[in-house]
Amino acid sequence: MRWALVKVSLAVTTMVVVAFAVPLGLVIRELARDRAFSNAEREAAAVAPALSITTDRDQLERVVASAGSDAGMAVHLPAGDGQEALGLGRRRAAEADIAAVRKLGRASTTGVTGGSTLLQPVALSTGKIAVVEVYVPESEVTNGVGTAWAVLAAVGVALILGSVAVADRLGVRMVRPAQRLVEGAHDLGEGRLGARVPEEGPTELRLAAVAFNSMADQVVQLLANERELAADLSHRLRTPLTVLRLNTASLGEGPAADQTRTAVEQLEREVDTIIRTAREAKPQTAAAGPGAGCDAAEVVRERMAFWSALAEDEGRKWRVAGADRPVRIPVARADLAAALDALLGNVFRHTAEGTAFAVDVHNGDDAVIVLVSDAGPGIPDPEAAMARGRGSGSDGSTGLGLDIVRRLAESTGGDVRIGSSVLGGTEVRIWIQLDGRAPATGGHRQPRRRRPGRLAAVYQRSRSR
């Protein structure tokens, strides 16, 4: 905007200067020409009285000398009464021009070498016409014109520079509030909730700053209310969790009892984490710093060990592949465990007993793919399933499980895809980037197109098995 104003001001001022300076310069040149020929006419008029009285050569020479223009003046007398034509001074005009002036009886100008001449007719006492020739050099015609043009050019440049400076200052006055508004919006989008914009500048930008600050205050208030609500709801879960923990003590010994106690303890830890996160207003499970994250293979083995007991009770066949060696990913352990639990929980919740499922881990140079597939009926509308909060419409389905998985993948720059598995049901593919690229901000980003590489080839071979 600033440079646009400067360019507009430069163009407009230049056109105005040209529109006024060029005609004014031409007028000055014409004035200088008129001044030079007016002086020539005065010099010719000084000789006219003497010509009307006498045509004596000596007397005329004295008159011309007294006029001070003998070097640039000539007098042409006609022949008559037995006298030859008489010429005083240096003739520069052509004989034909002199004869034409004598015949027409009116003054004229004609161009000669180095300038122009004024031919002025004068009536003699004998009734004949003499011609006074006054030489006007080109330097006299253009005297002062160059200086005037230089002054006009300097004034025009000063006007242009002045208008550009004023436009630049006005542009700064308009652009700075807009830049502050952009920076404030960027800071607010980055999570700096204390970002505010000075309410100054033009009226429109000042009103925009007021609206932005009001919006920021409302965002802070809404987030505070949401955190308090999350903390309150999580705190209400402590009572039923306490009852469950006390009841697990009466379950005795056995794998099922141990898994139930482990699940209750994990649920208590998750509730405590939610409460602390809501109170402190910052995430507690994000990976921090280089080298942070977890071993995806270890987490997969741990969660499959947990769900395997329930799978055996329901007669489900299950398989784990690619988790026999360490696979480091830039994701917190708790986040990956929550995502796997959400996907495996969906398998148990939305497929019939006896339905097989599998978890595959594919490790590449720049990404890790985690596949959770089943042999169930599949998902008819994957896009609707990925929409946060829709769920499947069945009891206990909130629609947040797949959203948890999506946010985990996008936090690394990856994405989540839903398709058909080789088992005949649903396959959820989690693409986790390893190169540390930050995800796009400002709403749901579009998945990035990737060129097929070694990892994609491995993935395709796994599907063809």
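**Exercise 1.** Is the crossing of H10 and H12 left-handed or right-handed, and which residues make the contact between these helices?

*Solution.* The model examined here is predicted, and the steps below refer to that model.

Step 1. Two packed helices are described by the angle between their axes and by the distance between those axes. For H10 and helix H12, which spans residues 401-410, the packing angle is about 145 degrees, and the axes lie 9 Å apart.

Step 2. The handedness is then assigned, and the crossing of H10 and H12 turns out to be left-handed.

Step 3. On the H10 side, the contact is made by Asp335, Leu336, Ala339, Ala342, Leu343 and Asn346, which meet Gly401, Leu402, Ile404, Val405 and Leu408 of H12.

Step 4. Sorted by character, the residues of the contact between H10 and H12 comprise 8 nonpolar, 2 polar and 1 charged.

**Exercise 2.** Determine which parts of the chain the salt bridge between Arg333 and Glu302 ties together, and state the network to which these residues belong.

*Solution.*

Step 1. The side chains of Arg333 and Glu302 form a salt bridge with an N to O distance of 2.4 Å, which falls within the 4 Å cut-off.

Step 2. Because Arg333 lies in helix H10 (residues 333-350) and Glu302 in helix H9 (residues 296-313), the pair ties together parts that are 31 residues apart in sequence.

Step 3. Both partners are classed by relative accessibility: Arg333, at 33%, counts as partly exposed, and Glu302, at 37%, also counts as partly exposed.

Step 4. The pair belongs to a network of salt bridges that links Glu298, Glu302, Arg303, Arg333 and Asp341, while the structure as a whole holds 13 salt bridges.

**Exercise 3.** For the salt bridges Glu314 with Arg316 and Asp324 with Arg325, decide whether each partner is buried, partly exposed or exposed.

*Solution.*

Step 1. The thresholds needed are under 20% relative accessible area for buried and over 50% for exposed, with partly exposed in between.

Step 2. In the bridge between Glu314 and Arg316, where the N to O distance is 2.7 Å, Glu314 has a relative accessibility of 19% and therefore counts as buried, and Arg316, with a relative accessible area of 5%, is buried as well.

Step 3. In the bridge between Asp324 and Arg325, the closest N and O atoms are 3.5 Å apart; here Asp324 is exposed, with a relative accessible area of 66%, whereas Arg325, at 48%, is partly exposed.

How values were computed: Residues numbered from 1 in each chain as written. Predicted model: local features only at pLDDT ≥ 70, side-chain atom pairs only at ≥ 80, totals over all residues. Heavy atoms only, no water. Helix = DSSP H or I, 4+ residues; strand = E, 2+ residues; numbered from the N terminus. Buried < 20%, exposed > 50% of the residue type's maximum accessible area, 1.4 Å probe, protein only. Axes fitted to C-alpha atoms, helices over the stretch in contact; angles between N-to-C directions. Left-handed = near helix turned anticlockwise from the far one by under 90°. Contact = heavy atoms within 4.5 Å. Nonpolar A, V, L, I, M, F, W, Y, C, P; charged D, E, K, R; others polar.
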